[in-house]
Amino acid sequence: PPHPAHPLAWPNSSRCAARNEADMDLNENQRNAAMSLAKEFGANALGATKDLAAVMRDYIQRGPEGIGWLCFVGGVATCVLGFLGLLDVLGVLTEPLEYLVNVYQMAFGLTACIIEAPPEWVEKSEQLKKAQRFIHEFAKFLTTFGGRGLFYLFQGSIDLALNSLSLTFFLGCYLGCMGVLCIAMQYGFKPDLSFGRSGQRVPDRADDYIHVT
């Protein structure tokens with residue numbers, strides 16, 4: 001007949017069961033903590049997205065001046081990301097095409113910053129005035145909304161084509177939207193984002209628009 005289990009094995013079995021139960025409780029606590037963090041992060045991200053959308057809406061509602069500021073921000077971001085890409089000097093040997101694209105993007109971003117610079121900055125800087133005159137003389141298409149829109153679409157398409165989900169990818173989407181908006185404004189489109197959060201209509205700013213031809 002089979003021998004009964006040794007009495008000394010019973011405490012070991014009890015300890016194993018207790019350890020397993022403690023591990024299950026720990027895993028459950030970790031899951032709850034992770035879910036809480038995920039919910040908090042999601043709520044914060046949603047709030048930040050709403051605030052960013054509200055800021056962009058306000059700038060777009062200002063007309064050419066506000067959209068110029070948004071394009072200027074896109075140019076700064078393009079410069080920064082292009083410069084960060086150039087810091088990887090070994091990329092000249094390992095990824096020469098990508099390194100060259102970073103050079104182009106940095107130059108494009110700098111060009112966007114120059115042509116979209118706020119008028120008060122231009123008045124205070126003689127070098128900025130000279131840079132704008134140079135661009136307006138040798139790249140006249142950038143003096144129109146349509147030309148700038150195509151320029152931003154080109155930048156955005158490069159970012160979207162050569163990058164997966166990353167900061168550069170989202171920057172490409174942003175520049176693409178700015179490009180479409182600039183092209184639409186070239187043909188008289190006036191974005192109507194006049195309904196605020198409270199649902200009340202803000203004053204019309206149609207007089208702020210300047211048709212660039």
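A residue is termed exposed when its relative accessible area is over 50%, buried when that area is under 20%, and partly exposed in between. The analysis that follows applies these classes to a predicted model.

With a relative accessible area of 51%, F134 is exposed. F138, at 59%, is likewise exposed. The rings of F134 and F138 form a tilted aromatic pair, with a centre-to-centre distance of 4.8 Å and an angle of 45° between the planes. Both residues belong to helix α6, which spans residues 126-138, and because they are four residues apart they are separated by about one helical turn.

In total, nine aromatic pairs are found in the structure. Among them is the pair formed by F72 and W121, whose geometry is edge-to-face, with 5.4 Å between the centres and 85° between the planes. This pair links distant parts of the chain, as F72 is located in helix α2 and W121 in helix α5, 49 residues apart. The two partners fall into separate accessibility classes: F72 has a relative accessibility of 11% and is therefore buried, whereas W121, at 42%, is partly exposed. An aromatic cluster is also present, made up of Y104, F108, F151, Y152 and F154.

Helix α2 covers residues 64-86 and includes F83. The relative accessibility of F83 is 43%, so this residue counts as partly exposed. F83 contributes to a nonpolar surface patch together with V76, V80, L84 and L87. The combined accessible area of the patch is about 440 Å².

Side chains of opposite charge can pair when their charged atoms come close. A search of the whole structure returned two salt bridges. One of these joins E116 to R148, with the closest N and O atoms 3.5 Å apart. E116 is placed in the loop between α4 (96-115) and α5 (119-124), while R148 is in helix α7 (residues 145-162), so the salt bridge ties together parts of the chain that are 32 residues apart in sequence. Both partners, E116 and R148, are buried.

The other salt bridge is formed by the side chains of E126 and R133, with an N to O distance of 3.8 Å. E126 has a relative accessibility of 45% and so counts as partly exposed. R133 is also partly exposed, because its relative accessible area is 47%. The two bridges thus differ in accessibility class, since E116 and R148 are buried, while E126 and R133 are partly exposed under the limits of 20% and 50%.

The surroundings of R148 were examined further. R148 is part of helix α7, and its relative accessible area of 11% lies under the 20% limit, so the residue is classed as buried. When residues up to four places away in sequence are not counted, R148 touches I115, E116, F141, L142 and T143. The salt-bridge partner E116 is thus one of the residues in this contact list. The charged end of R148 also sits over the ring of F145, at 4.9 Å from the ring centre. R148 therefore takes part in a salt bridge with E116 and in a charge-over-ring arrangement with F145, while being buried at 11% relative accessible area.

Key. Residues are numbered from 1 along each chain as its sequence is written. This is a predicted model: local features need pLDDT of at least 70, side-chain atom pairs count only at pLDDT 80 or more; totals for chains, interfaces and linings use all residues. Side-chain values use heavy atoms; hydrogens and water are left out. Patches are made of residues with over 30% relative accessible area and no salt bridge: like charges are joined within 9 Å, nonpolar side chains (Val, Leu, Ile, Met, Phe, Trp, Tyr) within 5 Å. Accessible areas come from the Shrake-Rupley method with a 1.4 Å probe; for residues, only the protein chains shown count as cover. A salt bridge is a side-chain nitrogen of Lys or Arg within 4 Å of a carboxyl oxygen of Asp or Glu. Helices (H or I, at least four residues) and strands (E, at least two) are DSSP runs, numbered from the N terminus. Buried means under 20% relative accessible area, exposed over 50%, partly exposed in between (1.4 Å probe, protein chains only). Contact means heavy atoms within 4.5 Å. Rings of Phe, Tyr and Trp (its six-membered ring) pair if their centres lie within 6.5 Å; planes under 30 degrees apart count as stacked, over 60 as edge-to-face and the rest as tilted. A charge sits over a ring if NZ of Lys or CZ of Arg is within 6 Å of the ring centre and within 35 degrees of the ring normal.
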